[in-house]
Structure formats: structure tokens, C-alpha cells
Amino acid sequence: MSLESVQERLTGALDHPNDGGVIEAFGALLPEGEYLPLLLSVEPRLIVPGQEGDYFSREQVATWGVDQFWGLPEYPHTPYYRTFETAVDADAHLYEFVVPMVPPTWNERERVEEYVALMGQGAVPTAVAISTLDVCQPAVDLGDDPSVHWGLTHFLLDGHHKLEAAATAGRPVRLLSLLALGESLAAAEECARLPALRGRPRSARAAGT
């Protein structure tokens, strides 16, 4: 869904969500609905399912336990990026993910390397995503940490090469998130808390606390 009309503007950092008409350009492709635009800074870390850092093998198991039939963690079927997490309160934690629409192995190596070089010179490019917030907790205690999970998930519309380059180089990128309020499993007041929560210091959750 990359749009050539805004590609040059997205090569650098947006200072406002609608710089250069980016929201209008991508909004024309999305279903009619109510969206909350969020302009975020993210430092992505590429995660392979079942390997180090995998939310579905660690935090989700700590709260929901393993699948009752298979006896295994849930499998997301794709590599993804973890970008941020912080405490909502003593019993709830925010986890943020960026999900590519194609696997990183499909990315063009030359374009990834171009962005790595640009970031090495101080550039901070911008990616665009449609996002959802799901606030969930287990109905019964099957794990060691029966907490509430706020899952903020960004599905990339533009920026696949940028995210991989940032993960490779250990550099930040801007992310313009168009949060689909009608598609989120969260109340309006919970969605409204996201800007403040994203402004908190990053912190991991200690299981059982």
C-alpha cells in the first residue's frame, strides 16, 4: 500500500501526523471509520516466533498458560517487531508490536542497506501503519501472572524496509499509527489513554507483580 505521492516526505521524520498530507493519502485507502492518529518514535527489535523475546512464548504463557489441546504456546506465524512496553497500573501492562504484511525475508536487501546508511547519517524515516488496541485478560487463572494485557498492534502499510533497517542498525524510526477505534477491543477511554501511556518510561513486567 505504499503511495509514491508521499514517499519522499516519509523518507524523513514527520513533525506532525498530517505533514505533507500523509493522513489523507493513506486514509483514502482505508475503510470508513473513526481513527486516532498517533505519531510515535519506535526502536524495533525483530522477533522470530519461539525464539528469544517472543511475547507468545513468554508473557502470554505467563498469563494464559499454554494451549490446552496442543500443550504449546500460541504461534503467530510470522516474524514481528517488538517496540515498547510499560506498566498501565499494578495489574495491567502495555505491549506494543509492529507486524509486517510480508515477511522480512521478502524485503529487497539493497533498499534495507540504503536505509541503514541513511540512519547512520542521522536520518529518521517514517513508517505508516493501521493499528488496533486490544485490552484482554484471562477468564480463569491458567498462568502465573493473571494480569490485563494492553496489546497495541501496528500493521505496516508502508515502511517494511525502514523497520528492518532500524532493527539492524539499532536506530529509531517514526511511526504514524492510524488507530482503528471501531476495530479495537478496547473502550474509548482506554484508547484515549494511549498518548499518555506511550509517553511513560519503558519498563518490562515482572511476572506475578
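**Note on the predicted model: loops, ring pairs and helix packing**

1. His77 is placed in the loop between α3 and β3. The model under discussion is a predicted one. The backbone at His77 has a positive phi of about 70°, although His77 is not a glycine. This merits a remark because most residues other than glycine have a negative phi. His77 counts as exposed, because its relative accessibility is 66% and the cut-off for that class is over 50%.

2. A second positive phi concerns a glycine. Gly170 follows just after α5 and takes a phi of about 65°. The helix that precedes Gly170 is mostly covered, with seven of the ten residues of α5 buried. The buried residues are His160, His161, Lys162, Leu163, Glu164, Ala165 and Ala166. Charged side chains are thus named in this list, including Lys162 and Glu164.

3. The packing of α5 against α4 may be read next. Helix α4 (residues 109-120) and helix α5 (residues 160-169) pack with their axes 8 Å apart and at an angle of about 55°. That angle makes α4 oblique to α5. The crossing of the two helices, α4 and α5, is right-handed. On the α4 side, the contact is made by Arg109, Arg111, Val112, Tyr115, Val116 and Met119. Their partners in α5 are His161, Lys162, Glu164, Ala165, Ala166, Thr168 and Ala169. Among these partners, His161, Lys162, Glu164, Ala165 and Ala166 also belong to the buried residues of α5.

4. Aromatic pairs deserve a separate point. A search of the whole structure yields six of them. The pair of Tyr55 and Phe97 is edge-to-face, because the ring planes stand at 65°, with the centres 5.0 Å apart. Tyr55 belongs to the loop between β2 (45-47) and α3 (59-64), while Phe97 is in strand β4 (residues 92-99), so the pair ties together parts that are 42 residues apart in sequence. Tyr55 and Phe97 are both buried.

5. A further edge-to-face pair is formed by Phe56 and Tyr80, at 5.7 Å centre to centre and with 85° between the planes. Phe56 lies in the loop between β2 and α3, and Tyr80 in strand β3 (residues 80-89), so this pair joins parts that are 24 residues apart in sequence. Tyr80 has a relative accessible area of 3% and is therefore buried. Ring pairs connect Tyr55, Phe56, Tyr80, Tyr95 and Phe97 into a cluster.

6. One charged group is placed on a ring. Arg198 lies over the face of Phe84, at 4.3 Å from the ring centre.

7. Val99 is located in strand β4. The relative accessibility of Val99 is 15%, so this residue counts as buried. Leaving aside residues up to four places away in sequence, Val99 touches Thr78, Thr153, His154, Phe155 and Leu156. Between Val99 and Leu157, 58 residues apart in sequence, the C-alpha to C-alpha distance is 9.8 Å.

8. Thr126 is found in strand β5 (residues 126-136). With a relative accessible area of 0%, Thr126 is buried. The contacts of Thr126, not counting residues up to four places away in sequence, are Leu10, Gly12, Ala13, Leu14, Asp158, Lys162, Arg174 and Leu176. One of these, Lys162, is also among the buried residues of α5. Thr126 and Ala25 lie 101 residues apart in sequence and 14 Å apart in space, C-alpha to C-alpha.

9. Two further sites concern acidic residues. Glu43 sits in the loop between β1 (35-42) and β2. At 49% relative accessibility, Glu43 counts as partly exposed, because the exposed class begins over 50%. Apart from residues up to four places away in sequence, Glu43 touches Arg82, Thr83, Arg171 and Pro172. Glu43 and Ala167 are 124 residues apart in sequence, and their C-alpha atoms are 7.1 Å apart.

10. Glu8 is part of helix α1 (residues 4-10). Its relative accessible area is 72%, so Glu8 is exposed. The C-alpha atoms of Glu8 and Gly20, which lie twelve residues apart along the chain, are separated by 9.7 Å.

Technical notes:
Residues are numbered from 1 along each chain as its sequence is written. This is a predicted model: local features need pLDDT of at least 70, side-chain atom pairs count only at pLDDT 80 or more; totals for chains, interfaces and linings use all residues. Side-chain values use heavy atoms; hydrogens and water are left out. Rings of Phe, Tyr and Trp (its six-membered ring) pair if their centres lie within 6.5 Å; planes under 30 degrees apart count as stacked, over 60 as edge-to-face and the rest as tilted. Helices (H or I, at least four residues) and strands (E, at least two) are DSSP runs, numbered from the N terminus. Buried means under 20% relative accessible area, exposed over 50%, partly exposed in between (1.4 Å probe, protein chains only). A charge sits over a ring if NZ of Lys or CZ of Arg is within 6 Å of the ring centre and within 35 degrees of the ring normal. Axes are lines fitted to C-alpha atoms, for helices over the stretch in contact, and angles run from 0 to 180 degrees between N-to-C directions. Angles under 35 degrees count as roughly parallel, over 145 as roughly antiparallel, 65 to 115 as roughly perpendicular and the rest as oblique. A crossing is left-handed if the near helix is turned anticlockwise from the far one by less than a right angle, and right-handed if clockwise. Contact means heavy atoms within 4.5 Å.
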